[in-house]
Amino acid sequence: LSDNLGLDEAGYFTSDAGDIHLVLIKPQSASDEPDVVIPFVEGVRRVAGDLTRRLRSPVTVTLTGLPALIADETITLERDLPLTTALALGGVFILFVVMVRSFWQGLLAVAVLAFSIRSFIGHGKRQAAEPPATTAPPAD
């Protein structure tokens, strides 16, 4: 280690023991939109995986920070949303059948709720797919 505590010879942040190195990688875009962040985080993970395979040593690469958090939460949400939606709809149906004692009213409540959820999620996906409105400078 160099005389500068916390830095190695190449200038990377390290732990006091020198067994942990920290590297700061910042995306070019400051956007926190998942469509921008996820490809960046996946690219960093891919490069890190390639690097650890080439080194053939017990190196562990861990990502932290807002981009990694946004990417992980978005991927988890997209994976788990159908299951959590189905469980919520099932719970509402059971609650209506038990409390109102009507299969058909429970089914109607779940149908309206499912339609509302689908409309809301579909609207959000449409908005995310549309490019933001831009204003052109006035023509001379």
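Does Glu78 count as buried or exposed, and at what relative accessibility? In this predicted model, Glu78 counts as exposed because its relative accessibility is 58%, and the cut-off for that class is over 50%.

**Overall architecture**

The protein has 3 helices and 2 strands, and from the N terminus on these elements follow the order β-β-α-α-α. Of its 140 residues, 16% count as buried.

**Helix α2**

Helix α2 comprises residues 66–100, and Glu78 is found in it. At Asp80 this helix has a kink of about 45°, shortly before the proline Pro82. The buried residues of α2 are Ala68, Ile70, Ala71, Thr74, Thr85 and Leu89. After α2 comes Arg101, which has a positive phi near 60°.

**Surface patches**

Two patches involve residues of this helix. Glu78 joins Asp32, Glu33 and Asp35 in a negative patch on the surface. A nonpolar surface patch consists of Ile94, Leu95, Phe96, Val98, Met99 and Val100, and together these residues have about 580 Å² of accessible area. Met99, like Glu78, belongs to α2. Met99 is classed as exposed because its relative accessible area is 62%, where exposed means over 50%.

The two exposed residues are set out below.

| Residue | Relative accessible area | Class |
|---|---|---|
| Glu78 | 58% | exposed |
| Met99 | 62% | exposed |

Helix α2 thus supplies Glu78 to the negative patch and Met99 to the nonpolar patch, while residues including Ala68 and Leu89 of α2 are buried.

Note on methods
Residues are numbered from 1 along each chain as its sequence is written. This is a predicted model: local features need pLDDT of at least 70, side-chain atom pairs count only at pLDDT 80 or more; totals for chains, interfaces and linings use all residues. Side-chain values use heavy atoms; hydrogens and water are left out. Patches are made of residues with over 30% relative accessible area and no salt bridge: like charges are joined within 9 Å, nonpolar side chains (Val, Leu, Ile, Met, Phe, Trp, Tyr) within 5 Å. Accessible areas come from the Shrake-Rupley method with a 1.4 Å probe; for residues, only the protein chains shown count as cover. A salt bridge is a side-chain nitrogen of Lys or Arg within 4 Å of a carboxyl oxygen of Asp or Glu. Lys and Arg count as positive and Asp and Glu as negative; His and the chain ends are not counted. The place of a charge is taken as NZ of Lys, CZ of Arg, CG of Asp or CD of Glu. Helices (H or I, at least four residues) and strands (E, at least two) are DSSP runs, numbered from the N terminus. Buried means under 20% relative accessible area, exposed over 50%, partly exposed in between (1.4 Å probe, protein chains only). The bend at a residue is the angle between axes fitted to the seven residues ending there and the seven starting there.
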